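Here is a short briefing to keep beside you at the bench. Have a look at the sequence and the model, then read on for the ligand sites and the packing.

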Amino acid sequence: MLKLMRLKPALLHKTGPQVSQEISACIGCNECLLACPAVSEPITIDVLNRETLSGPISPSVARFARSCYQCGACISPCPVGLHRESMMMLLKVRLLQSEMEE
Ligand code: SF4
Ligand code: SF4
């Protein structure tokens, strides 16, 4: 969580803590990924949610993060009103940050 707090807010639609709160409300229904035109390989919501927030980012999730073009097609299908595109933006920032630290 400390790392999330340090991310530059100018790059994010929502702050790290806001995205973290949304992810904790995710019911894992997968509707956002079913609607996403950028998914090209199997990704599970559990792994995506976990790696969005902390820890190492696996190659498949990193590829998905790079493929996301913030189209917003994942927003309306979510039955609990969450914003996967904001989660993806946070993941993109984490990915960039981890690449800069390498
Ligand atoms: S914003 Fe990203 S995750 Fe959402 S549907 Fe578009 S490409 Fe997929
Ligand atoms: S559609 Fe919403 S609740 Fe379902 S997995 Fe995606 S973010 Fe979570």
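**Two ligand sites and the packing**

Ligand 2 is surrounded by Cys 26, Ile 27, Gly 28, Cys 29, Asn 30, Glu 31, Cys 32, Ile 45, Cys 78, Pro 79, Val 80 and Arg 84. Do keep in mind that this is a predicted model.

**Ligand surroundings**

- The shell around ligand 2 divides into 8 nonpolar, 2 polar and 2 charged residues.
- Around ligand 1 there are 13 residues, and Cys 36, Cys 68, Cys 71, Gly 72 and Cys 74 come nearest.
- By class, the shell of ligand 1 holds 10 nonpolar, 2 polar and 1 charged residues.

**Nonpolar cores**

- In soluble globular proteins, nonpolar side chains tend to be buried together.
- The largest nonpolar core here has 17 residues, of which Leu 33, Leu 48, Phe 64, Met 88 and Leu 91 touch the most other members.
- At least two residues of this core come from each of α3 (31–34), α4 (45–53), α5 (59–67) and α6 (84–101), and α5 gives the most, with 4 residues.
- A second, separate core has 6 residues, among them Ile 23, Cys 78, Met 87 and Leu 90.
- Leaving aside residues up to four places away in sequence, Leu 91 touches Leu 48, Glu 51, Thr 52, Ile 57, Val 61 and Ala 65.

**A closer look at α4**

- Ile 45, Leu 48, Asn 49, Glu 51 and Thr 52 are the buried residues in α4.
- Their cover includes α2 (16–25), α3, α5 and α6.
- Gly 55, just after α4, takes a positive phi of about 80°.

Note on methods
Residues numbered from 1 in each chain as written. Chains lettered and ligands numbered in written order. Predicted model: local features only at pLDDT ≥ 70, side-chain atom pairs only at ≥ 80, totals over all residues. Heavy atoms only, no water. Near = heavy atom within 4 Å. Nonpolar A, V, L, I, M, F, W, Y, C, P; charged D, E, K, R; others polar. Core = buried A, V, L, I, M, F, W, Y, C linked by side-chain atoms within 4.5 Å. Buried < 20%, exposed > 50% of the residue type's maximum accessible area, 1.4 Å probe, protein only. Contact = heavy atoms within 4.5 Å.
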